[in-house]
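Colleague: I'm new to reading structures and would like a close look at one part of this one. Could you pick out the salt bridges and walk me through them, then show me how they sit in the rest of the protein?

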Amino acid sequence: WSPPNSFNVFRFLGTTTGSTSVRMLLRSLLLQLHRCGFEHASNAGKHIADVSDNFKDGGPDCADFPDDMNKLVPMLAETLQAAPVNRRLNIVLDSLDQLSDE
């Protein structure tokens with residue numbers, strides 16, 4: 001069901017303690033997108049290795065992304081807008097009703 005050169009992200013929300021938080025969901029999505037070459041707009045055009053100096057231990061983890069929702073939401077929007085046009089991105093979020101505002 002997924003064409004070649006597409007990137008699929010699946011999240012099954014509410015299955016663990018950390019999977020009920022909107023904040024953690026956004027941070028997790030940003031991390032996965034970054035690791036797979038979808039860069040935040042400020043890093044667009046740079047290879048992932050060129051921006052890895054921004055992260056401790058040579059690679060990002062969720063703690064490297066902002067905790068502030070007012071920063072996370074625009075960062076995710078900019079990352080999605082900067083996505084390569086030659087790659088299809090499919091994001092499947094199961095059980096959105098399980099998310100909390102925290």
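Modeller: Let's go from the general layout to the salt bridges, and then on to a few other spots.

Keep in mind that this is a predicted model. The protein has three helices and two strands, and if you read along the sequence they come in the pattern β-α-α-α-β. There are 102 residues, and 31% of them count as buried. The protein exposes about 6,300 Å² of surface, with 51% of that supplied by carbon and sulfur atoms.

Now for the part you asked about. How many salt bridges does a search of the whole structure find? It finds two. One joins R23 to D67, and the closest N and O atoms of that pair are 3.5 Å apart. R23 belongs to helix α1, while D67 is in the loop between α2 (48-51) and α3, so this pair ties together parts that are 44 residues apart in sequence. The other salt bridge is between the side chains of R27 and D67, at 3.2 Å from N to O. This pair also links distant parts of the chain: R27 is in helix α1 and D67 in the loop between α2 and α3, 40 residues apart. Notice that D67 turns up in both pairs. Put them together and you get a network of salt bridges that links R23, R27 and D67.

Are these three buried or exposed, or something in between? Let's take them one at a time. R27 has a relative accessible area of 9%, so it counts as buried, the cut-off being under 20%. R23 comes out at 24% relative accessibility, which makes it partly exposed. D67 is partly exposed as well, with a relative accessible area of 47%. So the network joins a buried arginine, R27, to a partly exposed aspartate, D67, which also pairs with the partly exposed R23.

Helix α1 has another job to show you, this time in the nonpolar core. A general point helps here: in soluble globular proteins, nonpolar side chains tend to be buried together. In this model, the largest nonpolar core has 15 residues, and L30, L33, F65 and L76 are those with the most contacts inside it. The elements that give two or more residues to this core are β1 (6-12), α1 (22-35) and α3 (69-81). The largest share, six residues, comes from α1. That puts helix α1 in the core as well as in the salt-bridge network, through R23 and R27.

Links between distant parts of the sequence show up elsewhere too. Take the contacts in the protein with a separation of 6 or more: residues 24 or more positions apart account for 74% of them. L13 is a nice example to look up. L13 lies in the loop between β1 and α1 and is buried, with a relative accessible area of 5%. Leaving out residues up to four places away in sequence, L13 touches S19, L25, L93, D94, S95, L96, Q98 and L99. L13 and Q98 are 85 residues apart along the chain, yet their C-alpha atoms are separated by 6.2 Å.

One of the residues that L13 touches, S95, deserves a quick stop. You'll find S95 in the segment after β2, partly exposed at a relative accessible area of 26%. The phi angle of S95 is near 65 degrees, which is a positive value in a residue other than glycine.

R87 gives you a similar long-range case. This residue sits in the loop between α3 and β2 (88-94) and is partly exposed, with a relative accessible area of 25%. Not counting residues up to four places away in sequence, R87 touches N5, F7, C36 and F38. The C-alpha atoms of R87 and F7 are separated by 7.0 Å, although the two residues are 80 residues apart along the chain.

Last stop: the surface. L80, I91, L93 and L96 make a nonpolar surface patch of about 300 Å². I91 is in strand β2, and its relative accessibility of 35% makes it partly exposed. L93 and L96 are also among the residues that L13 touches, so try finding L13 and the patch in the same view.

Definitions and conventions: Residues are numbered from 1 along each chain as its sequence is written. This is a predicted model: local features need pLDDT of at least 70, side-chain atom pairs count only at pLDDT 80 or more; totals for chains, interfaces and linings use all residues. Side-chain values use heavy atoms; hydrogens and water are left out. Helices (H or I, at least four residues) and strands (E, at least two) are DSSP runs, numbered from the N terminus. Buried means under 20% relative accessible area, exposed over 50%, partly exposed in between (1.4 Å probe, protein chains only). Contact means heavy atoms within 4.5 Å. Accessible areas come from the Shrake-Rupley method with a 1.4 Å probe; for residues, only the protein chains shown count as cover. A nonpolar core is a set of buried Ala, Val, Leu, Ile, Met, Phe, Trp, Tyr and Cys residues joined through side-chain atoms within 4.5 Å. Patches are made of residues with over 30% relative accessible area and no salt bridge: like charges are joined within 9 Å, nonpolar side chains (Val, Leu, Ile, Met, Phe, Trp, Tyr) within 5 Å. A salt bridge is a side-chain nitrogen of Lys or Arg within 4 Å of a carboxyl oxygen of Asp or Glu.
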